[in-house]
Structure formats: structure tokens, C-alpha cells
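Here are a few short exercises on charged side chains and helix packing. Grab the structure and work through them one at a time.

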Amino acid sequence: MDLPFEPYRVKVVERIQRVSREERVRFLQESGYNVFKIPSEAIYIDLLTDSGTSAMSDLQWAAMMSGDEAYACSKSFADFESTIKDIFGYKHVIPTHQGRAAEGLLFAVTLKPGFVVPNNIHFDTTRANVEYQQAIALDCIGEEGLDPTLEAPFKGDMSLDKLAAAFEKYGVDRIPFVMLTITNNSGGGQPVSMANARAVSEFCNEKGVPLIFDACRFAENAWFIQQREEGYADCSIQEISREMFALGAGCTMSAKKDALVNIGGFLCLNDEKWAQEATNLLLLREGFPTYGGLAGRDLAAVAQGLREVLDVDYLTYRIGQVARLGQRLDELGVPYLRPAGGHAIYVDARTALPHIPQSEFPAQVFTAALYLEGAVRGVEIGSLMFEHEDPDTGEKVHPAMELVRLAIPRRVYSHTQLEYVAQVCARVMEIGESLRGLEIVWEPPALRHFTASLRPAGGGKMVQTN
Ligand code: F0G
């Protein structure tokens, strides 16, 4: 049988329900066509994010019960720190309440106005945190990673040419470090090869700047290396992860992904001075250095989750489940960014809805239609999220791709539920031509996709019925 086998059985369940079409229409209108603002009880299958949505294991819940809530130097922190040092290998481990807090600390102590941070592709919070310091977040993704139809094994790889051009243009004094996001979430959950990470690391060494990983989905990235990169088939996920992290000098981590918890994060650094300054800020913003913004039980669950995520059977099942959804979409004629990512499928909305221009948010239209047709919640990764002004010309720049991410929570949904999702996607394709574009009615100054309100362009209904 060619199915991704679950290496666990269910011990606790949570009731979910389907809501009627009339209710879905109402929720969509009330939310301003923004699925972030729809109550979760009105969602049947929630693929908004794989972040903080994992089902924890029996051992994680047990670890939570025995969490040590001491303010300073708790047992749970000792376990957290030693587990992280064992996998990541960096000198300093700074707990934070989630990934963006780790980014915020790092950027606050390293960036000045006009500085530049190259990355393969910055995730939205990473970009926003860089820009908050009035620095420039520069994407240096390889050309392969920009072609949604190309089947290639490591489309998260960074372009060494673009990286070199950035150093040429801005100069090493304005680039305090280089980042590499594994897997590359905003470019389709695509992995970065060890060869590319090594080449980027060597380049950084030549320039004398550290390489920092955005490590949220490091175990999924390691699984792809084991499966796809020559010479790694016999290495364990732990060995591959250690080899990867040894190429850098630190990482930011959202434990809400590959540490299989609902909240948590950390910043790892080798540099003594940066670590000290980040810790000073941590005390101010997050908490004492042995808990960051977390309870002792949260630290305990992270440590246990990190041990579990290295299990190759789990990763084979998890990434296999995403790949299988991709296969079903192939069979049903739904275009998506190829190949399937580690944590998500990214529907290619420009191809799916070619009549809607980027200025009218085709990926947001597809996202709204998924809710309308099946109470499935995905997330737009397109112009609503990423349209920005060119730092040199001040002109509006649309992202290269208009994607709808269907992020699969870890250990949560069944095969049948994902089959339902595939069928709802096919239904949106069927009615595609009758869908109209959207326009913004209100937007906040930053990270607008979370709270913006939209309406069908020019008013009226989103689905044209005549
Ligand atoms: N970096 C990457 C690559 C991410 O995907 C995320 C979060 C973060 C940093 C920030 O971590 O949420 O713990 O503060 N991604 C979530 C997502 C929100 O839905 O992809 P955080």
C-alpha cells in the first residue's frame, strides 16, 4: 500500500463541525474577505498554518505535568538547553516565547538603519522585524526557486551570485550576517541542500560575517537532504541537522513548527557579545534568561518535541501526507508550486485564476473561495502579504508568485480530511471563471494581511452569478 503510514494512534479527539453555506457567506463578508478574522469554530479544516497547531504526544503532555516552574535555573530549562545544544551545537541558548521574539532580539542588537540582511527568502515576520530596525531585508533566492512549475530537489537554495552582488552593492560593513531559512517557507516550503548551505557558509567565512539559520523547519529540511541529496541516505536526521548547523554561528527558531509545541522559540548564538546584549534585552522584554517568555512546562514540552521530531518514521509520514495531497491535486487539475513542500502545498493562484490581475489579489480570492465552498482555511502568500515599495525607486512591487498556502498541522488531520480539502480545491477551480478580484477597504501600516479588510473590486458579490 502506497499510503503515508501514521506512526502513532489517537488518544484524544476534538470535535469539529461544518457550517452552512449561508453562515459561510456571512462570516466571509463580516471578516472583510480576510480569513484571519473568521472564528475558528466556523472553520472545518484549518490549514491556515502549521505553526503552533501540532498535536502534542503523550510524552509531551507528561513532560508538561512535570514542568519545573522555578523562576531561575529550573530543571526544565536545563533539559531544554541541553537538548538544543545537542542538536544545534551553539554556545548560547536564549529562550523566547516564539520565533519572532528571537528575531526581534537578534535584529535589535545587530542592525542599524541602512543595514542589509540577505536571506533566501525572508518570512513575513522576519522581513517586518528587519524593516522595523530601518534595515533592508533582501531576498537572494536562486532562479529555480522562482519558477513554480519546475520540479527540482532543492528550490530553497540561495543564489551565490545574488549574495555576492549584495555584498558588492552594499559593502560588508552594512551586512552584519547572512540568513538561510530552512525550509524556505515563503518560497513553497522548499528545502535547502547541504551543498548550498556549505557554499553560503564558505562565502560568509571569506567575508568574515556569520551565517544565521532561520531553523523553524530544520528536521523537515534534513529529511529532504536524507532523501534527495547524494551521500546522505545513510545519515540520521540528527547527524544531518548537526552538520547543517555546524555551518552557521547561530539560529532563530520558532518551536511552534519542528519542536511540535503550541508556543515557544529560541535564539542560539555563538557570539559572546551578541548573546550578552540579546540576554539584556530578553530580561527587559521576555523574562529571566532561563525561561524567556515561557512557563517551565512549555520548555519541557519543547525539549521532548525536539527529541520526537528527529524520528524518521514521523517525518516520512508527515512529509508523505503533504506529498499525497499534492498527488490528489495533480489528479484533479489544481495547479500548485512544484514539488510539494515539506509542511504545505502552495496553490498557484496566478495560473488558477488567470483573469484576476495581481493588483486584485488572485491568491486572496482563491483563499476566500476555499472558505466559501468548503469552510477550508488556507492563507494568502501573495500581493496582500508581500507587495512592497522598491527601496530605490519607491514604486510598488508585486511578488513573483501569488500563492495560497495549505499548511498541514503536524499529527492532526486524517487522510479523509485531506481528501476533502483536495475536492474543495477542485470545486474552486470549477467556479474559477466566475470569481472576481478584491480591493482593499482598510489596511494597517505593517503586516497588513493579518487584519486588512477587503471587498469585491468595485462592490457587489465575489462570485458572479449571471
Ligand atoms: N520564520 C519562518 C520561516 C516562519 O515560518 C515563521 C512563522 C517565523 C519565522 C516566525 O515564527 O510565528 O513563532 O513568531 N511562520 C508561521 C507560518 C506564522 O504560518 O508560517 P513565530
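**Exercise 1.** With which residue does Glu81 form a salt bridge?

Keep in mind that this is a predicted model. Start at Glu81 and look for a side-chain nitrogen within 4 Å of a carboxyl oxygen, the cut-off for a salt bridge. Lys85 fits, with the closest N and O atoms 3.7 Å apart. Next, place the pair: both residues lie in helix 3, four residues apart, about one turn of the helix. Finally, check exposure: Glu81 is partly exposed at 25% relative accessible area, and Lys85 is partly exposed at 34%.

**Exercise 2.** Work out how the axes of helix 3 and helix 9 cross.

Take helix 3 (residues 75-88) and helix 9 (residues 237-245): their axes come within 7 Å and cross at roughly 80°. Angles of 65 to 115 degrees count as roughly perpendicular, so that's the label for this pair. Now list who makes the contact: Asp86, Ile87 and Phe88 from helix 3, and Gln238, Ser241, Arg242 and Phe245 from helix 9. Sorted by type, these contact residues give three nonpolar, two polar and two charged.

**Exercise 3.** Is Glu103 buried or exposed, and what does it touch?

First find Glu103 in helix 4 (residues 99-110). Glu103 is buried, yet has no salt bridge. The nearest side chain of opposite charge belongs to Arg100, 6.2 Å away, and the salt-bridge cut-off is 4 Å. Leaving out residues up to four places away in sequence, Glu103 touches Thr125, Thr126, Asn129, Asp214 and Thr252.

Methods. Residues are numbered from 1 along each chain as its sequence is written. This is a predicted model: local features need pLDDT of at least 70, side-chain atom pairs count only at pLDDT 80 or more; totals for chains, interfaces and linings use all residues. Side-chain values use heavy atoms; hydrogens and water are left out. Helices (H or I, at least four residues) and strands (E, at least two) are DSSP runs, numbered from the N terminus. Buried means under 20% relative accessible area, exposed over 50%, partly exposed in between (1.4 Å probe, protein chains only). Lys and Arg count as positive and Asp and Glu as negative; His and the chain ends are not counted. Contact means heavy atoms within 4.5 Å. Axes are lines fitted to C-alpha atoms, for helices over the stretch in contact, and angles run from 0 to 180 degrees between N-to-C directions. Angles under 35 degrees count as roughly parallel, over 145 as roughly antiparallel, 65 to 115 as roughly perpendicular and the rest as oblique. Ala, Val, Leu, Ile, Met, Phe, Trp, Tyr, Cys and Pro count as nonpolar, Asp, Glu, Lys and Arg as charged, and the others, Gly among them, as polar.
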